[in-house]
Amino acid sequence: MIFRDASDIVLDDVFVELAGFVPEAEVYLKLEGFNPAGSIKSKTAVALIESAELEGRVGPDTQFIESTSGNLGIALATICAARGYSLTLVTDPNTAPAAVQAMTALGADVVRVDTRDAEHGYLQTRIDYIHNRLAVEPNLVWLNQYANPANIRVHRELTARAIHEEFGDLTALFIGAGTTGTLMGCLQYFGEHSPATQIVAVDAVGSVTFGLPTARRRLPGLGTSRRPEIFVDDGGFEKVVVDEPGTIAMCRRIARRYGLLVGASTGTVLTAVERFAPTLPRGARVVAISPDLGDKYLGTVYSPSWIAEHYPSLSAVARSD
């Protein structure tokens with residue numbers, strides 16, 4: 001199969017069964033890490049860029065700018081390299097060094113902000129930096145994944161549809177809440193095509209998206225210190241929050257039991273599946289979305305020394321698993 005460029009490649013039909021993961025239920029993991037940029041954000045990046053093109057916001061001197069904790073930055077850098085666009089990515093200390101290296105290798109200008117915002121995160125600081133640049137650089141275009149309806153639309157049209165076409169009317173679908181584009185898109189699609197499917201939104205402890213108290217987080221991916229504008233909490237879905245020790249332990253368990261090196265967001269989502277399992281009916285069919293694989297987390301989730309420094313209570317687990 002031959003594609004015109006990287007932005008045309010969407011691998012939306014890769015699922016793996018996690019046999020025996022929870023009792024009396026079938027659990028399938030939708031693996032998004034095989035997309036060209038290594039995550040589900042490949043689809044988001046194309047949607048954001050094409051939305052700007054269709055809206056006439058792109059000219060010969062346009063430079064895109066976006067805030068990212070890692071995956072979207074790599075995806076945008078991939079698409080911009082293929083299409084010849086200039087790109088600035090605003091990151092923070094939680095962004096994995098491997099992700100920053102990938103963005104830079106793809107030709108993006110990477111800026112790191114170091115000051116925490118009022119909610120103990122970096123997101124508002126990243127956005128403030130973008131606003132300051134927009135005020136003085138007329139050729140700068142902010143793609144704004146947090147408020148752009150294209151972020152919802154692409155997951156309604158691609159991600160949700162692919163799941164439904166593969167499995168039909170699922171018992172439950174577990175989705176991590178980052179920018180909430182995937183969550184909102186799946187809610188819209190399944191609300192129309194399979195309303196009986198229970199949607200479970202998963203977030204990290206310390207994130208403000210679900211209205212819970214803020215706290216410091218060390219792992220990029222899920223969670224935010226500022227509620228995304230596209231997020232709508234209409235009560236039509238369940239919510240589960242998972243702490244980072246739970247995420248780390250699950251990632252390491254999945255690696256050793258199933259031979260899958262998954263990212264932190266996947267560990268968070270699978271922890272939620274395990275906790276939610278007792279409420280599921282016998283014979284339930286469940287899909288969990290895995291946004292990325294674990295290569296960018298070798299220095300954190302899969303590093304015994306990092307775990308010993310930041311989560312010493314898990315040190316014994318890291319040494320023995």
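Contact here means heavy atoms within 4.5 Å. With that in hand, the predicted model can be explored through the packing of helix α1 against two partners.

The UniProt record, an unreviewed entry, lists residues 25-292 as "domain: Tryptophan synthase beta chain-like PALP". Over this stretch the chain is 40% helix and 18% strand, and the C-alpha atoms at its ends lie 24 Å apart.

Two packed helices are described by the angle between their axes and the distance between the axes. For α1 and helix α2 (residues 71-83), the axes come within 8 Å and cross at roughly 50°. Angles from 35 up to 65 degrees count as oblique, and α1 and α2 are therefore oblique to each other. Their crossing is right-handed. On the α1 side, the contact is made by K41, S42, T44, A45, V46, L48, I49, E50 and E53, which meet N71, L72, A75, L76, I79, C80 and R83 of α2. By class, these residues comprise nine nonpolar, three polar and four charged.

The second partner is helix α5 (residues 150-167), which packs with α1 (residues 41-54) at an angle of about 125°, the axes being 9 Å apart. This pair, too, is therefore oblique, and the crossing of α1 and α5 is right-handed. Here K43, T44, A47 and S51 of α1 meet a set of α5 residues, namely A150, N151, R153, V154, H155, L158 and T159. The contact of α1 with α5 holds four nonpolar, five polar and two charged residues. Helpfully for anyone tracing both contacts in the structure, T44 of α1 takes part in each of them.

Terms used: Residues are numbered from 1 along each chain as its sequence is written. This is a predicted model: local features need pLDDT of at least 70, side-chain atom pairs count only at pLDDT 80 or more; totals for chains, interfaces and linings use all residues. Side-chain values use heavy atoms; hydrogens and water are left out. UniProt positions are given in the numbering used here, feature names are shortened, and annotations may be inferred rather than shown by experiment. Helices (H or I, at least four residues) and strands (E, at least two) are DSSP runs, numbered from the N terminus. Axes are lines fitted to C-alpha atoms, for helices over the stretch in contact, and angles run from 0 to 180 degrees between N-to-C directions. Angles under 35 degrees count as roughly parallel, over 145 as roughly antiparallel, 65 to 115 as roughly perpendicular and the rest as oblique. A crossing is left-handed if the near helix is turned anticlockwise from the far one by less than a right angle, and right-handed if clockwise. Ala, Val, Leu, Ile, Met, Phe, Trp, Tyr, Cys and Pro count as nonpolar, Asp, Glu, Lys and Arg as charged, and the others, Gly among them, as polar.
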